[in-house]
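Student: I am new to this structure and would be grateful for a close look at a single part of it.

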Amino acid sequence: MKKTVLAVLFFLTSMCVSTAQADIIFSSSGTDPLAGGDVTVQVGQSSSVFVWVSTAPAQTMTGISFNVLSSLPAIASGISHTVQNPGPRWSTVQAGAVNTSGNLLNNHRAFYLPGLTNGTGFSTGGLNNFVLHSELKFTANTIGTTNLTFTPTNAGISFLGVGGNQWNNVVKGTGSINAVPEPAAAMVLLVGATGWLVSRRRRS
């Protein structure tokens, strides 16, 4: 009897668990979604992190929105956020604002209304098949590493034929910006460290 009850509970629990309908990830590359979401850049220089999206088979994403939160905002400042192929995919695009409301990117939204406005959204045919969604450009301000995460807006994520905000049914990747010293600054640090070691050895 006890085994039967446990089996029923397991079945009911598994029925309540939603499978991923899409993935949203960061990548250091605009051509390779699986290059990794960690970007290394010299202080004072600009670079980009790219957002890639995939969907489960037979799923069409009709709307996407997100913020990009930086764990240490002083490390890098956003320059711009550019959405790829906005015309074919979306009828309305709000790129979002950089360095606003505590986010590196704040309140980005893109969507279309099936049957009412033109758009294809995303339908990649599988969670391992990614398409490029956008490019977030930034400048490294000071040495250090800041972690990047996607956080929700009130617009959510939507799929064709699926009701409600599907944010929690989308797997979100993480990334980071690693700001390193400029070569000249690194050389000064190296010379200084070498001089300190030489001086210490002479004293001893």
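Student: Does Leu 113 count as buried, partly exposed or exposed, and what is its relative accessibility?

Tutor: The model is predicted, and the answer should be read with that in mind. Leu 113 counts as partly exposed, because its relative accessibility is 40% and partly exposed residues lie between the cut-offs of 20% and 50%. Its place in the chain is the loop between strands β8 (103-111) and β9 (126-140). On the surface, Leu 113 belongs to a nonpolar patch that it forms with Phe 111 and Leu 116. Together, these three residues have about 310 Å² of accessible area.

Two buried residues may be set beside Leu 113 for reference. Ser 48 is part of strand β3, which covers residues 46-55. This serine counts as buried because its relative accessibility is 11%, and buried means under 20%. The side chain of Ser 48 makes a polar contact of 2.7 Å with the side chain of Glu 135. Leaving aside residues up to four places away in sequence, Ser 48 touches Ser 28, Val 39, Glu 135, Leu 136, Lys 137 and Phe 138.

Asn 169, like Leu 113, is placed in a loop; the loop that holds Asn 169 runs between β11 (158-159) and β12 (170-172). With a relative accessible area of 18%, Asn 169 is nevertheless buried. Its side chain is joined to that of Gln 166 by a polar contact of 2.7 Å.

Conventions:
Residues numbered from 1 in each chain as written. Predicted model: local features only at pLDDT ≥ 70, side-chain atom pairs only at ≥ 80, totals over all residues. Heavy atoms only, no water. Helix = DSSP H or I, 4+ residues; strand = E, 2+ residues; numbered from the N terminus. Buried < 20%, exposed > 50% of the residue type's maximum accessible area, 1.4 Å probe, protein only. Polar contact = N/O pair within 3.5 Å; in protein donor to acceptor, adjacent residues only side chain to side chain. Contact = heavy atoms within 4.5 Å. Patch = residues over 30% accessible without salt bridge, like charges linked within 9 Å, V, L, I, M, F, W, Y side chains within 5 Å. Areas by Shrake-Rupley, 256 points an atom, 1.4 Å probe, with all protein chains shown as cover. Salt bridge = Lys/Arg side-chain N within 4 Å of Asp/Glu carboxyl O.
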